[in-house]
Amino acid sequence: EHRRVVFRNRFQAEKKAHEKRIHVLDGYIMALASIDTAIEIIRGAAGREEAKEELIDFGVVNTEAQAEAVLELKLAALTKLEGDKLAQERAKLMER
């Protein structure tokens, strides 16, 4: 019985981590699709909080968590090649 509880808890923790990562990857993919707008918003914002709000308001991302992840991301990660890698990672996580 204890093994089942441990296994279930581990599975649920992994599932939650995968769901969180998929959510962030969705934000990256959305930002990549409108990269020019995202850069314009970030450059024009007075600060980090304003940039987060505007990324959401302009539909670049859907949530604050996604906006925060995009702001942490290096621009090099938003190239076409990296975009393909993000989509592949998302697909792998969805299979699990």
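Tyr-28 is buried, at a relative accessible area of 10%. That puts it under the 20% cut-off for buried. This is a predicted model, so please hear every value as computed from that prediction. Tyr-28 sits in helix H1. Setting aside neighbours within four places in sequence, its contacts are Arg-21, Ala-69, Val-70, Leu-73, Leu-78 and Leu-86. One more pair for Tyr-28: Val-61 is 33 residues away in sequence, and the C-alpha to C-alpha distance is 8.1 Å.

Now the helix itself. H1 covers residues 2-33, which is 32 residues. From first C-alpha to last, H1 reaches 47 Å, close to the 46 Å expected at 1.5 Å a residue. Which residues of H1 are buried? They are His-18, Ile-22, Val-24, Leu-25, Gly-27, Tyr-28 and Ala-31.

Arg-4 is also in H1. Arg-4 is exposed, with a relative accessible area of 57%. Its C-alpha lies 38 Å from that of Asp-84, and the two are 80 residues apart along the chain.

Next, helix H4, residues 64-72. Its buried residues are Gln-66, Ala-67, Ala-69, Val-70 and Leu-71. What do they pack against? The answer is H1, helix H2 (35-44) and helix H3 (48-57). Two of these buried residues, Ala-69 and Val-70, were in the contact list of Tyr-28.

In H2, I picked out Thr-37. Thr-37 is partly exposed, at a relative accessible area of 33%. Between Thr-37 and Gly-59 there are 9.7 Å in space, C-alpha to C-alpha, for 22 residues in sequence.

On to the whole chain. The protein chain has five helices and zero strands. Read from the N terminus, the order is α-α-α-α-α. The radius of gyration is 16 Å, whereas the globule rule gives 12 Å for 96 residues; the value is well over the rule, so the chain is more spread out than a compact globule. The C-alpha trace spans about 55 × 30 × 20 Å along its principal axes. Of the 96 residues in the chain, 27% are buried. As for contacts with a separation of 6 or more, 57% are between residues 24 or more positions apart.

Last topic, the pockets. Rolling a probe the size of a water molecule over the atoms shows where empty space is left. The largest pocket has a volume of about 150 Å³. Its lining consists of Phe-11, Glu-14, Lys-15, His-18, Glu-19, Ile-22, Leu-93, Met-94 and Arg-96. Which helix gives the largest share of that lining? It is H1, with six residues. H1 and helix H5 (80-95) each supply at least two residues. By type, the lining divides into four nonpolar, one polar and four charged residues. His-18 and Ile-22 belong to this lining, and both are on the list of buried residues of H1.

To pull H1 together: it holds the buried Tyr-28, it is packed against by buried residues of H4, and it supplies six residues to the lining of the largest pocket. Arg-4, in the same helix, is exposed.

Terms used:
Residues numbered from 1 in each chain as written. Predicted model: local features only at pLDDT ≥ 70, side-chain atom pairs only at ≥ 80, totals over all residues. Heavy atoms only, no water. Helix = DSSP H or I, 4+ residues; strand = E, 2+ residues; numbered from the N terminus. Expected span 1.5 Å × (residues − 1). Buried < 20%, exposed > 50% of the residue type's maximum accessible area, 1.4 Å probe, protein only. 1 Å grid on protein atoms, 1.4 Å probe; cavity = no way out; pocket = protein on both sides within 12 Å on 5 of 7 lines; lining within 4 Å. Points joined across faces, edges and corners; volume = space filled by probe spheres on them. Nonpolar A, V, L, I, M, F, W, Y, C, P; charged D, E, K, R; others polar. Rg over C-alpha atoms; globule rule 2.2 N^0.38 Å. Contact = heavy atoms within 4.5 Å.
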